[in-house]
Amino acid sequence: MVELSRADLHVSVSDPVATSMNFLNEIAGRYPDAISLAAGRPYDGFYSTEDVQRYFGSYVDHLRAGGLPEERVRGLLLQYGRTNGQLGPLIATMLEKDEGIVVPPDSVMVTAGCQEAMIIALRALCAGPDDVVLAVEPCYVGLSGAARILGVDVVPVPESPAGVAPETVAEVAREVRAAGKRPRALYLVPNFSNPSGVSLPVATRRRLLDVADEQDLLLLEDDPYGLFGLDDEPRPTLKSLDTDHRVIYLGSFAKSCFPGARVGFLVADQTVVDAEGRRTLLAEEMSAVKSMVTVNTSPISQAVIGGVLVESACSLRTANRDKVEFYRDNLRTMLAALEKHFAPSGRGGGAVRWNVPRGGFFAVVDLPFEADEKLLELSAEQFGVLWTPMRFFYSDGGAHAVRLSCSYLKPEQIAEGVHRLSRLVAANA
């Protein structure tokens with residue numbers, strides 16, 4: 001029997017971040033009765049198999065209404081299809097209606113989830129060993145994990161309670177260049193970030209675009225939570241403010257439509273010039289990468305998402321009104337429960353502190369002791385509650401903090417989960 005040495009396998013198979021997330025799933029499986037404040041997935045109650053069939057049919061009707069012959073409709077749904085996908089026109093319309101982003105449909109690539117969009121963007125931008133990506137830290141593990149698989153170095157840019165400071169981005173970019181490396185892009189989630197819940201002020205967004213221009217950086221804007229604010233305050237995407245084509249916009253339909261469809265997208269409207277002076281869009285150049293990763297995104301999955309867009313007249317803000325209210329209530333419930341159970345310890349400067357996000361799925365709680373995997377297992381076994389150690393999202397840090405998620409549960413479960421967490425804290429204080 002062949003035996004392989006783990007040391008001979010790529011470093012990504014033993015990536016601490018990946019193994020940590022596997023550990024979370026394992027703990028959840030071993031303690032199914034524990035309330036999970038760890039899962040960042042959408043609420044199951046919004047989905048049914050009947051919806052999938054209806055949306056698929058709506059998209060088929062849309063194709064037929066466009067005058068396509070039945071043979072062409074069948075080919076679009078059942079054959080491999082265009083590498084960059086068939087939803088570009090619908091997504092471009094959605095972005096203009098919902099976000100004020102005006103881009104040509106050909107600048108849109110439909111991907112197998114936003115995770116593939118990250119992999120494609122990193123692979124296309126980082127051409128040599130000296131090319132690195134900056135990332136706001138704490139950082140979503142999907143980005144750091146994708147970079148690890150590709151062998152791309154990620155340089156952290158520390159986030160403050162008010163979000164990343166543009167001048168800090170500039171400073172880190174200069175340090176990277178002084179070390180002989182080339183910073184290619186900055187990855188960030190400007191709206192209700194995962195994991196911190198922080199959202200950037202509009203003035204910071206504008207200044208960040210200026211810094212990107214000064215430092216010759218592209219911005220990888222990941223925006224899965226922008227719909228889910230606690231209020232209707234305008235929070236313009238970086239891409240909608242982008243006049244110099246500095247922003248590559250990464251989107252997902254997982255939270256707003258169906259996670260199981262596994263459909264995401266990227267918008268790359270930057271111009272690429274070859275040695276002969278020919279000009280193309282970056283999204284078109286990236287299609288070569290996608291063709292070697294997934295060939296194309298499932299046309300059947302695209303049809304389901306296409307049906308959502310058709311039925312909502314290409315406005316996810318319209319289609320997600322019920323979800324927005326549900327997630328708003330859940331976040332308010334979680335913050336109120338934190339206030340109820342931990343305020344006596346002094347939220348402003350006592351033993352337990354937490355931030356107050358203005359939307360999204362997450363909040364961060366600082367504890368007076370280390371929150372590691374051992375404590376998580378104890379929490380699940382003895383107190384019946386799961387959470388995510390914040391150190392999973394840092395290259396070095398976050399040892400005394402946890403991320404709480406409010407998206408997957410009903411309000412009463414969230415309240416009980418925070419109560420259980422308070423008992424864990426009291427037992428270890």
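**Entry 1: a charged residue tucked away**

I started with Arg328, which is buried, with a relative accessible area of 8%. This is a predicted model, so I keep that in mind for every entry. Next I asked: which side chain meets Arg328 in a salt bridge? I found Glu325, at 3.0 Å from N to O. Glu325 counts as partly exposed, because its relative accessibility is 39%. I then looked up where the two sit: both are in helix H13, residues 321–342, and because they are three residues apart, about one helical turn separates them.

A reminder to myself: side chains of opposite charge can pair when their charged atoms come close.

**Entry 2: more salt bridges**

How many salt bridges does a search of the whole structure find? I got 26. I picked a few to look at.

One joins the side chains of Asp106 and Arg82, at 3.8 Å from N to O. I noted that this pair links distant parts of the chain, with their places 24 residues apart in sequence: Asp106 is in the loop between H4 and strand E2 (108–111), and Arg82 is in the loop between helix H3 (70–78) and H4. Asp106 is partly exposed at 40% relative accessibility, and Arg82 is partly exposed too, at 42%.

Another joins Glu116 and Lys290, at 2.9 Å from N to O. Glu116 belongs to helix H5 and Lys290 to helix H10 (residues 282–293), so this pair ties together parts that are 174 residues apart in sequence. Are Glu116 and Lys290 buried or exposed? I looked up both, and each one is buried.

I also came across a network of salt bridges that links Asp231, Glu233, Arg235 and Arg358.

**Entry 3: the largest pocket**

I moved on to empty space. The largest pocket has a volume of about 1200 Å³. I counted 47 residues in its lining, and those nearest its centre are Met21, Gly40, Arg41, Tyr140 and Val141.

Which helix gives the largest share of the lining? That is H1, with seven residues. Helices H1 (16–30), H5 (113–125) and H6 (141–150) each supply at least two residues of this lining. I sorted the lining of the largest pocket by class as well: 28 nonpolar, 12 polar and seven charged.

**Entry 4: the cavities**

I searched the whole structure for cavities of 30 Å³ or more, and three turned up. The largest cavity has a volume of about 170 Å³. It has 16 lining residues, with Asp223, Leu227, Tyr249, Ser252 and Leu316 nearest its centre. Helix H4 (88–99) and strand E7 (247–252) are the elements that give two or more residues to the lining of the largest cavity. By class, I noted nine nonpolar, four polar and three charged residues there.

The second largest cavity holds about 100 Å³ of space. Its lining is made of 16 residues, and Val136, Glu159, Leu188, Val189 and Ser193 lie nearest its centre. In that lining I found 11 nonpolar residues, four polar and one charged.

**Entry 5: the loop between E5 and H8**

Ser193 caught my eye in that list, so I followed it up. Where is Ser193 found? I traced Ser193 to the loop between strand E5 (182–188) and helix H8 (202–214). Ser193 is buried because its relative accessible area is 4%, under the 20% cut-off. Leaving aside neighbours within four places in sequence, Ser193 is in contact with Val198 and Phe362.

I stayed in this loop for two backbone oddities. Phe192 lies there, and it has a positive phi of about 55° although it is not a glycine. Phe192 is also buried, with a relative accessible area of 0%. Pro195 is in this loop as well, and a cis peptide bond joins Asn194 to Pro195, with omega about 20°.

**Entry 6: similar backbone features elsewhere**

I checked for another cis peptide bond and noted one between Glu137 and Pro138, with omega about 15°. Pro138 has its place in the loop between strand E3 (131–137) and H6.

Which other non-glycine residue did I note with a positive phi? Ala313, with a phi of about 55°. Ala313 lies in the loop between helix H11 (299–311) and helix H12 (316–319). Its relative accessible area is 44%, so Ala313 is partly exposed.

Terms used. Residues are numbered from 1 along each chain as its sequence is written. This is a predicted model: local features need pLDDT of at least 70, side-chain atom pairs count only at pLDDT 80 or more; totals for chains, interfaces and linings use all residues. Side-chain values use heavy atoms; hydrogens and water are left out. On a 1 Å grid over the protein atoms alone, a cavity is a set of points where a 1.4 Å probe fits but cannot get out, and a pocket is an open set with protein on both sides within 12 Å along at least five of seven lines; lining residues have an atom within 4 Å of a point. Grid points are joined across faces, edges and corners, and a volume is the space filled by probe spheres set on the points. Helices (H or I, at least four residues) and strands (E, at least two) are DSSP runs, numbered from the N terminus. Ala, Val, Leu, Ile, Met, Phe, Trp, Tyr, Cys and Pro count as nonpolar, Asp, Glu, Lys and Arg as charged, and the others, Gly among them, as polar. Buried means under 20% relative accessible area, exposed over 50%, partly exposed in between (1.4 Å probe, protein chains only). Contact means heavy atoms within 4.5 Å. A salt bridge is a side-chain nitrogen of Lys or Arg within 4 Å of a carboxyl oxygen of Asp or Glu.
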